[in-house]
Amino acid sequence: MLRWPETAQPLRRMETDAHVAEEGGFDYEAVLAACARGETAALRLLYDRDAPRLLGVAMRIVRQIELAEDVVHDAFVQIWRGARTFDPARGAGRTWVYSVLRHRALNAVRARGREVLADSENLARMTDIGPNATLAAELAADAPALRRCLEALTGEQRDSILLAYLQGFSHGQIARQLNAPLGTVKSWIRRGLDALRRCLE
Amino acid sequence: MNLTEPDDIQHLAAEYVLGVLTADEAAVFERRLANDGALRAAVAAWEERLSVLDRGTAPAQPRPQLWARIERTIAATRAAPSPARWPQRLWANLALWRGLAAAGVAASLLLGVYAAMRDDPRPAFTVVLAAQDRAPGWIVEISAEGDLRLTPLRDTVVGPNQALQFWTLRDPAQGPISLGLVPPDRTTRIEAARLPPVAPNQLFELTLEPAAGSPIGRPTGPILYVGRAVAVR
């Protein structure tokens with residue numbers, strides 16, 4: 001099965017396609033279309049390019065290498081089997097791939113009971129990489145709009161949203177981390193998300 | 001979950017993408033997602049907004065075996081099904097014991113895949129759990145140290161008040177031993193300390209049980225997947 005990529009769609013599509021340009025010419029949509037046709041070489045291309053970053057995202061959420069590799073394994077199997085359901089009209093291929101991975105990782109911590117994970121010594125390690133400290137590092141020059149809009153939020157709103165997204169924290173974990181009542185955290189997140197959406201419109 | 005107001009849709013979609021819904025809320029939400037275009041559009045928009053946050057994540061190097069494992073699972077998904085008889089009550093039915101020899105055939109097909117991947121520490125035993133339609137549904141790998149890994153090869157629908165329970169049968173006189181409840185959609189690991197010893201031809205199966213598991217310590221619901229352990233040489 002060495003036909004791919006010779007006979008597949010050209011990897012580089014329209015030069016005006018913003019996310020393709022951002023990703024250095026890697027065409028996630030073409031790769032997913034090839035996966036949908038059953039070409040394992042396409043999945044391997046995706047693996048070679050994105051497995052380390054996907055494992056990094058999984059590690060950030062599940063915090064244990066064996067579990068993170070299970071998450072990446074399960075995500076690649078789901079990507080392979082679900083590639084035919086991916087609809088380019090609904091969003092970018094790269095976003096879809098990372099969403100599959102994120103939900104796998106979130107399911108894994110939910111299954112293990114992430115309350116337990118957070119109460120252990122992990123919490124001490126988590127606080128070393130607080131959301132404010134990571135903000136600058138996480139948001140490089142390629143996301144000026146999101147960065148500006150996050151900076152416009154209150155500190156509590158921003159911290160809550162980043163703890164949830166970057167570290168997979170539950171409402172309860174965020175409440176403990178920020179030493180605030182659960183209901184307060186829920187409303188910080190809702191208001192923060194509302195403000196973010198308006199700001200990014 | 002009331003999804004009639006645009007604000008509700010936005011909040012739920014955002015909270016789903018952010019990852020703060022509980023497991024139950026997320027499961028309900030995903031079922032709605034399948035039939036609700038407006039909800040899907042809201043989710044896609046939030047994924048697009050927030051996904052740039054992943055770009056700065058420090059990469060981590062997967063161990064070399066990870067790709068081989070993915071390739072194996074995918075190959076098993078495609079493996080040709082083998083004929084098998086399928087009664088609803090496994091433990092009492094002799095016809096099935098004969099039919100299950102065929103599941104061993106599916107497993108040995110997979111062993112060819114293993115043989116091609118020498119860089120991966122090979123398991124001591126594998127079991128292909130076949131579904132009623134005879135297609136491989138799950139793969140069980142048991143390491144030389146006795147640790148077990150159970151990986152789904154297909155989707156299994158489990159209702160809100162149901163659970164999948166994993167069993168093995170060492171000694172028909174003793175009856176099946178529960179290995180616990182397993183999530184239908186991801187890999188489960190069981191440590192050697194929590195497993196009985198495994199011998200060639202040992203039966204493994206997944207049954208559909210009440211959410212808290214079988215109340216009587218042996219299978220009560222339908223058998224969804226079943227197979228026999230094959231030693232890897």
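Helices here are DSSP runs of H or I with at least four residues, numbered from the N terminus. I keep that in mind throughout, and I note at the outset that the model is predicted.

**Entry 1: helix H10 of chain A**

I looked first at the end of H10(A), where Gly168(A), just after the helix, takes a positive phi of about 70 degrees. The helix itself covers residues 155–167 of chain A, and its 13 residues reach 17 Å from first C-alpha to last, which is close to the 18 Å expected at 1.5 Å a residue. I then asked how many of the residues of H10(A) are buried. I found eleven of the 13 to be so, and I therefore record the helix as mostly covered, a residue being buried if 20 or more other C-beta atoms lie within 10 Å of its own. Among the buried residues are charged ones by name, Arg158(A) and Asp159(A), alongside Ile161(A), Leu162(A), Leu163(A) and Leu166(A).

**Entry 2: the nonpolar cores**

I followed Gly168(A) to Ala105(A), since the two are in contact. Leaving aside neighbours within four places in sequence, Ala105(A) also touches Val57(A), Ala58(A), Ile61(A), Val62(A) and Val71(A). Ala105(A) turns up again in the largest nonpolar core, which has 40 residues and in which Ala58(A), Val62(A), Val71(A) and Ala105(A) have the most contacts. I noted which elements give two or more residues to this core: helix H2 (28–36), H3, H4 and helix H5 (93–112) of chain A, together with H4 of chain B. H3(A) gives the most, with 13 residues. A second, separate core has 31 residues and includes Val140(B), Ile142(B), Leu203(B) and Leu206(B).

**Entry 3: two positive phi values outside glycine**

I looked up Arg63(A), whose phi is near 65 degrees, a positive value in a residue other than glycine. Arg63(A) is placed in the loop between helix H3 (40–62) and helix H4 (65–82) of chain A. Is Arg63(A) buried or exposed? I count this residue as buried, because 20 other C-beta atoms lie within 10 Å. Asn201(B) likewise has a positive phi, near 75 degrees, and sits in the loop between strand S6 (188–190) and strand S7 (203–210) of chain B. With 14 other C-beta atoms within 10 Å, Asn201(B) is partly exposed.

**Entry 4: chain B and its strands**

I counted six helices and nine strands in chain B, and of its 233 residues 36% count as buried. Among the contacts in chain B with a separation of 6 or more, 61% come from residues 24 or more positions apart.

Strand S4 (residues 162–169) of chain B is mostly covered, with six of its eight residues buried. I traced its pairings in both directions: eight bridges join S4(B) to S7(B), and the two run antiparallel, while five bridges join S4(B) to strand S5 (residues 177–182), again antiparallel. For reference I noted one bridge partner on each side, Glu209(B) in S7(B) for Ala163(B) and Leu181(B) in S5(B) for Gln165(B).

I also checked Thr151(B), which is placed in strand S3 (residues 148–152) of chain B and counts as buried, with 20 C-beta neighbours inside 10 Å. Trp138(B) is 13 residues from Thr151(B) in sequence and 5.5 Å away in space, C-alpha to C-alpha. Beyond four places in sequence, the contacts of Thr151(B) are Thr73(B), Trp138(B), Ile139(B) and Thr187(B).

**Entry 5: where the chains meet**

I found 35 residues of chain B in contact with 50 residues of chain A. On the chain B side, the elements giving two or more residues are helix H1 (6–18), helix H3 (37–50) and helix H4 (65–78). The residues of that side divide into 17 nonpolar, nine polar and nine charged.

I then looked at H3(B) on its own: its 14 residues should span 20 Å at 1.5 Å a residue, and its end C-alpha atoms are 20 Å apart, which agrees. Its buried residues are Ala42(B), Val43(B), Ala44(B), Trp46(B), Glu47(B), Arg49(B) and Leu50(B).

**Entry 6: confidence in chain A**

I closed with pLDDT, whose mean in chain A is 78, with 73% of the residues at 70 or more. The value stays under 50 over residues 1–22 of chain A, for which the model has 26 contacts beyond four places in sequence. It also stays under 50 over residues 114–133 of chain A, with 21 such contacts.

Definitions and conventions. Residues numbered from 1 in each chain as written. Chains lettered and ligands numbered in written order. Predicted model: local features only at pLDDT ≥ 70, side-chain atom pairs only at ≥ 80, totals over all residues. Contact = placed C-beta atoms within 7 Å. Buried ≥ 20, exposed ≤ 12 C-beta atoms within 10 Å, placed from the backbone. Expected span 1.5 Å × (residues − 1). Pairing = 2+ DSSP bridges. Core = buried A, V, L, I, M, F, W, Y, C linked by C-beta atoms within 7 Å. pLDDT = per-residue confidence, 0-100.
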